[in-house]
Amino acid sequence: MNIVIDIRPLMGGRVSGVEIYIRNLLEHIAKLDMENHYILFANAIRDQSEYFPNIHQKNFTIIQTHIPNKLLNLALFLFKWPKLDKLIIRKLKIDNVHIFFMPDLRPSALSPNVKKILTIHDLSFHHFPQFFRLKTRIWYYLMRPQKEILESQKIIAVSDCTKHDLVETWHVPPEKIHVIYQGIADSFGKNITEEDKKTVAAKYHLPAKFFLSLCTIEPRKNIPGLIKAFMLFKAKNPENEIKLVLAGIKNKKIFKNVQFPYKNEIILSGFVDEKDKATLYAMAEAFLYPSLWEGFGLPLLEAMKCQTPIITSNNSSMEEIVGDCGLLINPENVDELSDAMQKILDPVLQVNLKTKMAEKIKNFSWKKCALETLKTISL
């Protein structure tokens, strides 16, 4: 079969949960399937080969069309043209495309005989439009995501929460939705040495003891609420030397609407290299992830893999992914979050949580994700 995988989300080199999902999924599909012909489809007016996945198998072909993205998206939005499979057929001089797999929501137009399979990570853009910039809201309006979803022959949802949301919100038939969890690399968090910790501590100016938050800056991540809860924790425990590290953040605008009496207690680490992330988790007293909504939440797996105690929200997919391996709180209740910060430091509780995490994390692997995705594609 000729299977197209849409890698347009990788262009530009942005690193987020979606990009991590796509790259790991492709890497493991390449290891598992040597028979089908995979065509990785990219589009950008300039050469984007530096962002292509590092796959050089004979049954993988990477192509890039050079249509200006705004023009292509507008044509797809308004006219459902050009047919993307026809573009690929002409460029590669092949007979047909059997399957077009989109690992993230993008505008598309396909011939009737091509089976479209789409991964949906969450519907936060629908439920919480206030979390997104005007440009992004217009993008989703023009894309008509409900139509894209209903037109797909199969949907991959990254959690039961997302599946339930698709059924309840847009009445997607549950039988066409396949829940496939994301994974975590077996090597993540292994063989971290004391020397590694010293290097990372110096590189990011880390204190001896700290709570860790690692996420992008966007409203649904609830960073202001986290800061308020931490300040309340410090007010209740003024002698406690633990600090808060906001990893990946260096923009002090996040403090704009927050009274800030504990300025020296919060560290903005700036950008964190991928190679340093596991060490950062391993050094933390706890990982704090009080997001207002998540379709999955890859950082939760990263923390579990590193045996870092977790405080996260009791909503959307976070309760599903973490279960009883962490402390679940109402993210909009700063008192509850602050109390959890105190509770998570209990050594007996930490041992109990780490034991549960060691078992829970076995349910998540990129190989399993790829195997289930291949099965879904081929059914």
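The following legends describe close-up views of a predicted model.

Residues are numbered from 1 along each chain as its sequence is written. Because the model is predicted, local features need pLDDT of at least 70 and side-chain atom pairs count only at pLDDT 80 or more, whereas totals for chains, interfaces and linings use all residues; side-chain values use heavy atoms, with hydrogens and water left out.

**View 1. The seven-stranded open sheet has parallel pairing.** The strand order is 3-2-1-4-5-6-7; strands (E, at least two residues) and helices (H or I, at least four residues) are DSSP runs, numbered from the N terminus. Two strands count as paired if DSSP finds at least two bridges between them. Strand 3 (60-65) and strand 7 (177-179) are the edge strands, each with a single partner strand, so one side of each has no neighbour in the sheet. From one strand to the next, the twist averages 20°; axes are lines fitted to C-alpha atoms, for helices over the stretch in contact, and angles run from 0 to 180 degrees between N-to-C directions.

**View 2. Strand 5 (115-120) is joined by parallel bridges to strand 4 and strand 6.** Four bridges link strand 4 and strand 5, and isoleucine 99 has lysine 115 of strand 5 as its bridge partner. Isoleucine 99, in strand 4, also stands opposite isoleucine 3, where strand 1 (residues 2-6) pairs with strand 4 (residues 99-102) in the parallel sense over three bridges. Strand 5 and strand 6 likewise pair over four bridges, with threonine 119 opposite isoleucine 156 in strand 6. Strand 5 is largely enclosed by the rest of the structure, because five of its six residues are buried; buried means under 20% relative accessible area, exposed over 50%, and partly exposed in between (1.4 Å probe, protein chains only).

**View 3. Helix 7 and helix 15 contact strands of the seven-stranded sheet.** Helix 7 (residues 160-170) lies across strand 5, strand 6 (154-157) and strand 7, and runs at about 165° to strand 7. Helix 15 (residues 366-378) packs on the sheet and touches strand 1, strand 2 (37-43), strand 4, strand 5, strand 6 and strand 7; contact means heavy atoms within 4.5 Å. The direction of helix 15 makes about 165° with that of strand 6.

**View 4. The six-stranded open sheet also has parallel pairing.** Its strand order is 10-9-8-11-12-13. Strand 10 (266-270) and strand 13 (327-329) are the edge strands, and each pairs on one side only. Neighbouring strands of this sheet are turned by 25° against each other on average, direction ignored. Helix 10 (residues 274-283) packs on the sheet, in contact with strand 8 (210-214), strand 9 (243-247) and strand 11, and its direction makes about 145° with that of strand 8.

**View 5. Strand 11 pairs with strand 8 and with strand 12.** Strand 11 (residues 286-289) runs parallel to strand 12 (residues 310-313), and three bridges join them. Leucine 288 stands opposite isoleucine 311, while tyrosine 289 has threonine 312 of strand 12 as its bridge partner. The parallel pairing of strand 8 and strand 11 extends over two bridges, with leucine 212 opposite phenylalanine 287 in strand 11. Ala286 and Leu288 point one way from strand 11, Phe287 and Tyr289 point the other way, and all are buried.

**View 6. Serine 213 lies in strand 8.** With a relative accessible area of 3%, serine 213 is buried. Not counting residues up to four places away in sequence, serine 213 touches Ile223, Leu226, Val245, Leu246, Ala247, Phe287 and Leu288. The C-alpha atoms of serine 213 and tyrosine 281 are separated by 9.3 Å, although these residues are 68 residues apart along the chain.

**View 7. Helix 11 is mostly covered.** Helix 11 (residues 298-305) lies across strand 8, strand 11 and strand 12, and runs at about 170° to strand 11. Seven of the eight residues of helix 11 are buried, namely Leu298, Pro299, Leu300, Leu301, Glu302, Ala303 and Met304. Just after helix 11, glutamine 307 adopts a positive phi of about 60°.

**View 8. Tryptophan 81 occupies the loop between helix 2 (69-79) and helix 3 (84-92).** Tryptophan 81 counts as exposed, at 56% relative accessibility.
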